[in-house]
Amino acid sequence: MEKMKKTVEHKLSKERFAHTMRVLETALEMGEKYGVDAGKIEAAVLLHDYGKAYGPDQTREKLKDAGIPLDEVMEENIDLAHGLLGAWLASREFGIEDPDILNAIRYHTFGREAMSPLEKIVFLADYIEPGRQFEGVERVRSLALRNLDEAMVVALEQSVSYVTARHRPLHPLSLKALAYLKGEKN
Ligand SMILES: [Fe+2]
Ligand SMILES: [Fe+2]
């Protein structure tokens, strides 16, 4: 784990590494509350933005070489594929095989249906880490240690309206994640 941390620190920008450390602190606190393994949290969080170490062209190239297809939304916005690349690098460079860790990395940007507690924690910690300042973040912060699913619903709703208000591309998986959580509740 120490070696992984050093490598990530070396490859990411100072700001991005500091963000990663804040996500880790937040995620570990949540993991304690929800009984999720700290080692899994550490691996997933350390590598969640590792794919951002590569620029757009390299990301395309690496995913192509790995035989990992891009969907339409990622094709147009390659930045959204950094989770896919991160998961691939996690297995390739660090030998991580645990599917839960890989999925937490892969889906941290837009979520998906039927997320595990680890996936939700990484998604939410990335969203609410102390460096985040935007309207609505406090609401999710206060929910995050009380109810994972409610926090997910609010975070997803907020990101969907943020993205659509700015006419930015919305990944369909975020809508599916939201519909799934709401359906489960009813
Ligand atoms: Fe990310
Ligand atoms: Fe992040």
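These legends accompany several views of a predicted model.

**View 1. The whole protein is built from helices, 11 of them, with 0 strands.** Following the chain from start to end, you meet the pattern α-α-α-α-α-α-α-α-α-α-α. The C-alpha atoms fit in a box of roughly 40 × 35 × 30 Å along the principal axes. For a compact globule of 186 residues one would expect a radius of gyration near 16 Å, and the protein agrees because its own value is 16 Å.

**View 2. Burial and contacts across the fold.** Here 38% of the 186 residues count as buried. Take the contacts between residues at least 6 apart in sequence: 57% of them link residues at least 24 apart.

**View 3. The largest nonpolar core holds 47 residues.** Which of its residues touch the most other members? They are A27, A44, V45, I121, V122, L124 and A125. At least two core residues come from each of helix 2 (14-34), helix 3 (38-48), helix 6 (82-94), helix 7 (99-106), helix 8 (117-128), helix 9 (137-144), helix 10 (148-165) and helix 11 (172-185). Helix 8 is the top contributor, giving 8 residues to this core. As a general backdrop, nonpolar side chains in soluble globular proteins tend to be buried together.

**View 4. A closer look at V122 and the residues it touches.** Leaving aside residues up to four places away in sequence, V122 touches A27, A44, V45, H48, A104 and H108. A27, A44 and V45 are worth finding again in this view: like V122, they are among the core residues that touch the most other members.

Key:
Residues are numbered from 1 along each chain as its sequence is written. Chains are lettered from A and ligands numbered from 1 in the order in which they are written. This is a predicted model: local features need pLDDT of at least 70, side-chain atom pairs count only at pLDDT 80 or more; totals for chains, interfaces and linings use all residues. A nonpolar core is a set of buried Ala, Val, Leu, Ile, Met, Phe, Trp, Tyr and Cys residues joined through C-beta atoms within 7 Å. A residue is buried if 20 or more other C-beta atoms lie within 10 Å of its own, exposed if 12 or fewer, and partly exposed in between; C-beta atoms are placed from the backbone. Helices (H or I, at least four residues) and strands (E, at least two) are DSSP runs, numbered from the N terminus. Two residues are in contact if their C-beta atoms, placed from the backbone, lie within 7 Å. The radius of gyration is taken over C-alpha atoms; the globule rule is 2.2 Å times the number of residues to the power 0.38.
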